[in-house]
Protein chains: 2
Amino acid sequence: MSFDRLVNKIIEKQNPTVAGLDPKLDYIPGYIKDAAFAKYGKTLEGAAEALYEFNKGLIDALYDIVPAVKPQAAYYEMYGWQGVRILERTISYAKQKGMFVVTDGKRNDIGATMQAYTKAHIGTTDICGKDVEAFGADALTVNGYLGTDGIVPLLEVCKEKDKGIFVLVKTSNPSSGELQDRKLDDGLTVYRTMGNMCEDWGKTDIGESGYSCVGAVVGATYPEQLSELRAALPHTFFLVPGYGAQGGGAKDVAGAFDENGLGAIINSSRGIMCAWKKEGCAEQDYAQAARREALRMKEEIVSFIGKIGND
Amino acid sequence: MSFDRLVNKIIEKQNPTVAGLDPKLDYIPGYIKDAAFAKYGKTLEGAAEALYEFNKGLIDALYDIVPAVKPQAAYYEMYGWQGVRILERTISYAKQKGMFVVTDGKRNDIGATMQAYTKAHIGTTDICGKDVEAFGADALTVNGYLGTDGIVPLLEVCKEKDKGIFVLVKTSNPSSGELQDRKLDDGLTVYRTMGNMCEDWGKTDIGESGYSCVGAVVGATYPEQLSELRAALPHTFFLVPGYGAQGGGAKDVAGAFDENGLGAIINSSRGIMCAWKKEGCAEQDYAQAARREALRMKEEIVSFIGKIGND
């Protein structure tokens, strides 16, 4: 039912950024890993425990200044079901702290199966008459290659439970153009066509903010396309990856925002998680280093867009 | 390193089909659910336990006649991390029984993140010097919307560990044409372009069977496109969903095969899992009903393609 909930958190914190929680073991301070391995051994369970402690520290250091987190499913699945259990615990902890949670899963399938993904990630699962939340995120990233019937099950739950989706439109990676930049026979690019589909999927459910429940993923590494899509898709909220470690800067993402400094949320994953390594501070200070980087990033972006919110 | 392993199992069993394991609670006989809920309550854990018992019965009834299973990740995620644990147990059990396991996850992401999905599903995860298998499937379905750098990490592991991928090309759902059937400015459709990318990604690693490690998902519901793609993509092995419950018949999938009856594996999920409901047999007989349907399907398809294998 629109991204109003997220927009309100962004305005409240005057911060249009989201912290990516993609916790590889390499990023985690040694003392956290040592403690987890001492308890569980060098096992998937031990690794998962380290991930959770790392995430918890980050959330504690960020929740009062950053409106949202984006756990990337791949980095949890990499540690087996034990890692996936930690995805659920991370989502639950971030929500407890008042953060908006976007599960970055890029899920996609035919309608009947998409219903199952929808229940899994943003809805509830019926267990013989009892509704249970499996992962319970506020929003999910999805891939629209299969067309409308792979999106409809999500829209129903978005409406009913006030959730959102972000559809891949123009991704941040170097080879995203191979298909996405190709022109169709009507002269529009594939990414623009997918963007238009997002606008269409969201049109019946536009919130007070002016944005629907159907957002788009548009990479910071393609600033021209960001500006083009911002102009073309007035009701589509953008999730913008690629800032920082992937090469996008604050200037590059400025075009993602509307005239009120709304319409987009900029993700940083490695930049925030690995700030302690870049700073060279004590590893025990990793969470505060993440906070310093989050504040620096916020200030840098706000310096380009000004006060956030329409008044 | 090519789909030779799968091809050999298909030839050995003279059966080019794969059983989809998409175990919704609705499909599971009451006595299995009752036992699981008695032990764990109407919880995600209870549901997951019922899923596992159901899958185990199906695998026991099928492994000597069906070469492969395809668990659909969505139906496990729907039951939380507890369901995902059962995905891992199902994969492990099917492999013990000698089956080839395709995890249907339709995963996709940028290179660095795709590395994590690769490790999760077909590779191994490094836990501070110790390599651990997280899910350990033989093949994974993926979505190629992000282009080559989202595929490369998979290819490396396919080569090293003799695994495979199936890239979505032309999906079986009604609205698959919205994007996939659109023509690009060179006159080729999007699905054909994606098909050509598969052929290109696989070209350096073609097995004795003539097929590479890069397969394609092409729906049984679009027989014309199946035949077109079979002719155009000589080294790309097809995973064909949409047979049975989605409406595709044996005649529709005949065009997926090469002149040796190879080059494709046809999936049936609901048809096999819910055979006991369609037959109206005792629920305790569900696994044997699945076997009867698997044999019927095999015979129906083989009647169109003849003996499988080049000799």
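This is a short talk on how two chains sit together and on one buried strand inside chain B.

Hi everyone, and thanks for coming. Before we start, please keep in mind that this is a predicted model.

Let's begin with the pair. In general, two copies of a chain are related by a rotation about an axis and a shift along it. What turn lays chain A on chain B here? The turn is 180 degrees, with a shift of 0.0 Å along the axis, and the RMSD is 0.0 Å. The two copies are therefore related as by a two-fold rotation axis. Both copies use the same surface, too: 100% of the contact residues of chain A recur in chain B. If you want to find the axis on your screen, look for A:Leu184, since its C-alpha, at 2.0 Å, comes closest to the axis among the residues of chain A.

Now to the contact itself. Chain A brings 54 residues to it and chain B brings 55 residues. On the side of chain A that touches chain B, several elements supply at least two residues each, including helices α3 (44-62) and α5 (80-96) and strands β4 (125-127) and β5 (130-132). Which element gives the largest share of that side? That is α6(A), with six residues. Sorted by class, this side of chain A has 24 nonpolar, 16 polar and 14 charged residues.

Next, let's go inside. The largest nonpolar core has 219 residues, and the ones that touch the most other members are A:Val167, A:Val240, B:Val167 and B:Val240. Let's stay with B:Val167 for a moment. Leaving aside neighbours within four places in sequence, B:Val167 is in contact with seven residues that you can click through: B:Val142, B:Gly144, B:Met194, B:Cys198, B:Val214, B:Ala216 and B:Val217.

That brings us to strand β7 of chain B, residues 164-170. Is this strand largely enclosed or open? Seven of its seven residues are buried, so the rest of the structure largely encloses β7(B).

What lies alongside? One partner is strand β6 (residues 139-142) of chain B, which pairs with β7(B) in the parallel sense over four bridges. Here B:Ala139 stands opposite B:Gly164. Helix α7 (residues 152-161) of chain B joins these two strands in a right-handed β-α-β unit. Another partner is strand β8 (residues 214-218) of chain B, again parallel to β7(B), with five bridges. In that pairing, B:Phe166 stands opposite B:Gly215.

That's my tour, and I'm happy to take questions!

Notes:
Residues numbered from 1 in each chain as written. Chains lettered and ligands numbered in written order. Predicted model: local features only at pLDDT ≥ 70, side-chain atom pairs only at ≥ 80, totals over all residues. Least-squares fit on C-alpha atoms with pLDDT ≥ 70 in both. Contact = placed C-beta atoms within 7 Å. Core = buried A, V, L, I, M, F, W, Y, C linked by C-beta atoms within 7 Å. Buried ≥ 20, exposed ≤ 12 C-beta atoms within 10 Å, placed from the backbone. Pairing = 2+ DSSP bridges. Right-handed = clockwise from strand over helix to strand, strands pointing away. Nonpolar A, V, L, I, M, F, W, Y, C, P; charged D, E, K, R; others polar.
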